[in-house]
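I set out to read this structure entry by entry, beginning with a single residue and widening the view from there. The notes below record what I looked up, in the order in which I looked.

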Amino acid sequence: MLVLWAASEGFAYLRDALRAAQADPAARVRMPLLIDTRSEPSGIRYEDIHSRVLILAEMRERFGHRWAILAGTESVRVGVGRMFRVFSEAEGLEVGMFADKDEALQWLKQ
């Protein structure tokens with residue numbers, strides 16, 4: 001399982017982190033992915049969400065089509081998570097949005 005903590009602005013780090021994980025000899029194909037966005041700046045723009053989804057869609061062959069997003073409980077973060085899920089579904093990805101890490105991990109194991 002790969003867990004990414006999104007804690008900086010911009011999305012180049014996401015592509016770089018996924019590529020680094022992909023290059024790791026311990027990585028396996030279709031490795032479940034959990035992205036923790038709880039400490040990310042909350043002023044994210046519509047275009048940024050879409051850009052992130054496109055980066056993840058590029059990596060679907062390696063990491064699969066199911067992702068879990070740990071968004072927390074703040075209403076702005078829940079709203080961003082919902083937009084992320086809508087964009088993801090349009091790209092053929094299945095995204096679960098969670099406030100609790102253990103629930104997200106359980107969902108990924110299904």
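**Entry 1: A serine in a helix**

I began with S88, which lies in helix α4. I note at once that the model is a predicted one. Is S88 buried or exposed? S88 counts as buried because its relative accessibility is 1%, and the cut-off for buried is under 20%. I then looked up what S88 touches, leaving aside its neighbours within four places in sequence, and found contacts with V53, L93 and V95.

**Entry 2: The helix around it**

I next considered α4 as a whole. The helix has 16 residues, and from its first C-alpha to its last it reaches 23 Å, close to the 22 Å expected at 1.5 Å a residue. Its buried residues are R77, V78, V80, G81, F84, F87 and S88. Against which elements do the buried residues of α4 pack? I found that they pack against α2, β3 and β4, the last of these spanning 94–98. After α4 comes G92, and I recorded that its phi is positive, near 80°.

**Entry 3: The strand β3**

I turned to β3, which is mostly covered, with five of its five residues buried. In a regular strand, side chains alternate between the two faces of the sheet. In β3, R66, A68 and L70 point one way, W67 and I69 point the other way, and all are buried.

I then looked up the partners of β3. Four bridges join β2 to β3, and these two strands run parallel. Within this pairing, L33 has W67 of β3 as its bridge partner. How many bridges join β3 to β4? There are five, and these strands also run parallel. Here I69 stands opposite M97 in β4. From β3 the chain crosses through α4 to β4, and I recorded this β-α-β crossover as right-handed.

**Entry 4: The nonpolar cores**

In soluble globular proteins, nonpolar side chains tend to be buried together. I therefore looked up the largest nonpolar core here, and it has 23 residues. Those with the most contacts inside this core are L18, L56, F63, W67 and F84. At least two residues of the core come from each of α1 (12–23), β2 (33–36), α2 (46–58), β3 (66–70) and α4 (75–90). Which element supplies the largest share? It is α2, with five residues. I also noted a second, separate core of eight residues, with L34, A68, L70 and L108 among them.

**Entry 5: Near the end of the chain**

I then examined K109, which is found in helix α5, residues 101–109. K109 is exposed because its relative accessible area is 60%, and the cut-off for exposed is over 50%. Its C-alpha is 7.9 Å from that of P32, although the two residues are 77 apart in sequence.

**Entry 6: The whole chain**

Last, I looked up the chain as a whole. I recorded five helices and four strands, which follow the pattern β-α-β-α-α-β-α-β-α along the sequence. Of the 110 residues, 45% count as buried. Among contacts with a separation of 6 or more, 83% join residues 24 or more positions apart. The chain exposes about 6,000 Å², and carbon and sulfur atoms supply 51% of that area.

Note on methods: Residues are numbered from 1 along each chain as its sequence is written. This is a predicted model: local features need pLDDT of at least 70, side-chain atom pairs count only at pLDDT 80 or more; totals for chains, interfaces and linings use all residues. Side-chain values use heavy atoms; hydrogens and water are left out. A nonpolar core is a set of buried Ala, Val, Leu, Ile, Met, Phe, Trp, Tyr and Cys residues joined through side-chain atoms within 4.5 Å. Buried means under 20% relative accessible area, exposed over 50%, partly exposed in between (1.4 Å probe, protein chains only). The expected span of a helix is 1.5 Å times one less than its number of residues. Contact means heavy atoms within 4.5 Å. Accessible areas come from the Shrake-Rupley method with a 1.4 Å probe; for residues, only the protein chains shown count as cover. Two strands pair if DSSP finds at least two bridges between them. A crossover is right-handed if, with the strands pointing away from the viewer, the path from the first strand over the helix to the second runs clockwise.
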